[in-house]
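Colleague: I would like to learn how to read a model like this one feature by feature, with the general idea given before the particular case. Could we begin once the sequence and the structure are in front of us?

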Amino acid sequence: MAVLPRFRKGERRPVHGRSRSKVLRHRVLRSFLHLIAFIFLLLVVIGNVSNRAVLRQTWFLKIDLSDIIPLSVPNAVLINSIARSIGLHDFYQVGLWNFCEGYNNEGITYCSNPRTLYWFNPVQIILSELLAGASIALPSDITDALDLARAASHWMFGLFLTSTVLTFILIFLSPLAVSSRPPQTISPDPATNRLHPPHRRRTFIFFRALPFTVITFLTAFFTIVAVVIATVMFIIFRNVFTNGAYELNIHAELGTRMLAFMWIAAAFNLLAFIVELGSCCAACCRGRKARKQLKNHPEDSATARTATGAATPEMHEKRSPHSRSPIATTEDNR
């Protein structure tokens, strides 16, 4: 009868594959990273859509025209709100879908309807609101900035929506890339592999690990590109309006809350890709030593079965209560 191995107190028994708690931690980690990224991407997408508590404070760019110096109003510096005297609002702020406008002492008074592939055109907005006979000298560089903003805004809009949708899907599907029996948990003992068979390495890599790695990479890539486009584009807008050479007394500032939301979402999606890439590399490269030992020593299979207590046909015969002893068989033959 085979003797089972004994373990001392405090000595952990060998476990092949992954424990349930470890599998659960890996799956929760992936879903958690994508969940955090999705929350912040959602705040970016719905920011500045309406005049509500959080939404009205989340914007890409805010232009303050309350102290603008018009060409047609004499002694404009003495007026409390110069913008109101020529028909303009004190400030304009931009989101992904629309813009909002308002006065400093009243807050937001109007938000435009959300529009797909929206791009911010401050010249058109300002000229449409000017009173008859009023005029202002807008920076000449604004035309070049508008040409850049039109193309960049379309790309930014599409990339933000795509990354948001992909991130939401990965919250529920990314745990499927975690296996309780990944290829790297293979054992050099053939008998152990029969009791705890790992997944086939090629099947697991090409149909589970690699596809999720590619999708996670695309999600992180789209998010980072959208964030970079938004940051660069609105920095250019701010610099054009605040250029001291024109002395228009226009103030512009970037939305720090929007920038923080964007970069946090990009960081979490990037971290999720790094985790997924590491898992894919481990499934591809780890376990080579055990596979090599199995390939070089196939004759150890029978020995391993006996050492691990695997029952042989002779042992089954001896353990069977209905089996007859060799002495009894000899006597019957006589």
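Colleague: Which residues of α1 are buried?

Modeller: The buried residues of α1 are Val23, Arg30, Ser31, Leu33, His34, Ile36, Ala37, Phe38, Phe40, Leu41, Val44 and Val45. Please keep in mind throughout that this is a predicted model. A residue counts as buried when its relative accessible area is under 20%, and as partly exposed when the value lies between that and 50%. Lys22, which also has its place in helix α1, is a case of the second kind, because its relative accessibility is 37% and it therefore counts as partly exposed.

Colleague: How many residues has helix α1, and what does it reach from its first C-alpha to its last?

Modeller: Helix α1 runs over residues 20-46, which makes 27 residues, and it reaches 38 Å from the first C-alpha to the last, close to the 39 Å expected at 1.5 Å a residue. You can set this beside the record, although its annotations may be inferred rather than shown by experiment. In an unreviewed entry, UniProt lists residues 28-49, 155-178, 209-237 and 257-285 under "transmembrane region". In the model, residues 28-49 are 86% helix and 0% strand, with end C-alpha atoms that lie 32 Å apart. Residues 209-237, another of the listed spans, are 100% helix and 0% strand, and here the end C-alpha atoms are 42 Å apart.

Colleague: What phi does Asn48 take, just after α1?

Modeller: The general idea is that most residues other than glycine have a negative phi, and most peptide bonds are trans. Asn48, just after α1, takes a positive phi of about 65 degrees, and this is a positive value in a residue other than glycine. Asn48 lies in the loop between α1 and β1, the latter being residues 61-64, and Asn48 is buried, with a relative accessible area of 0%. Leu117 is not a glycine either, and it has a positive phi of about 55 degrees. Leu117 lies in the loop between β4 (107-111) and α3 (122-129), and at 40% relative accessibility Leu117 counts as partly exposed.

Colleague: How many salt bridges does the structure hold?

Modeller: In general, side chains of opposite charge can pair when their charged atoms come close. The structure holds 1 salt bridge, in which the side chains of Arg30 and Glu276 meet at 3.0 Å, N to O. Arg30 lies in helix α1 and Glu276 in helix α7 (residues 256-285), so the pair ties together parts that are 246 residues apart in sequence. Both partners, Arg30 and Glu276, are buried.

Colleague: How far apart in space are Lys22 and Ser180, C-alpha to C-alpha?

Modeller: Here you read two separations side by side, one in sequence and one in space. Lys22 and Ser180 are 158 residues apart in sequence and 8.6 Å apart in space, C-alpha to C-alpha, while for Ser180 and Leu24 the values are 156 residues and 9.2 Å. Ser180 itself has its place in the loop between α4 (142-173) and α5 (190-195), and at 33% relative accessibility it counts as partly exposed. A further such pair is Gly255 and Val94, which are 161 residues apart in sequence and 9.3 Å apart in space, again C-alpha to C-alpha. Gly255 lies in the loop between β5 (251-254) and α7, and at 3% relative accessibility it counts as buried.

Colleague: How many aromatic pairs does the count come to?

Modeller: A pair of aromatic rings is described by the distance of the centres and the angle of the planes. When rings are paired if their centres lie within 6.5 Å, the count comes to 12 aromatic pairs. The rings of Tyr92 and Phe99 have their centres 6.5 Å apart and their planes at 40 degrees, so this pair is tilted. Tyr92 and Phe99 are both buried. Elsewhere Phe60, Phe120, Phe234 and Phe237 form one aromatic cluster.

Colleague: Which residues form a nonpolar patch on the surface?

Modeller: The patch is formed by Phe206, Phe207, Leu210, Val214, Phe217, Leu218 and Phe221, which together have about 680 Å² of accessible area. Phe221 lies in helix α6, residues 201-241, and is partly exposed, with a relative accessible area of 42%.

How values were computed
Residues numbered from 1 in each chain as written. Predicted model: local features only at pLDDT ≥ 70, side-chain atom pairs only at ≥ 80, totals over all residues. Heavy atoms only, no water. Helix = DSSP H or I, 4+ residues; strand = E, 2+ residues; numbered from the N terminus. Expected span 1.5 Å × (residues − 1). Buried < 20%, exposed > 50% of the residue type's maximum accessible area, 1.4 Å probe, protein only. Patch = residues over 30% accessible without salt bridge, like charges linked within 9 Å, V, L, I, M, F, W, Y side chains within 5 Å. Areas by Shrake-Rupley, 256 points an atom, 1.4 Å probe, with all protein chains shown as cover. Salt bridge = Lys/Arg side-chain N within 4 Å of Asp/Glu carboxyl O. Phe/Tyr/Trp six-rings, centres within 6.5 Å; stacked < 30°, edge-to-face > 60°.
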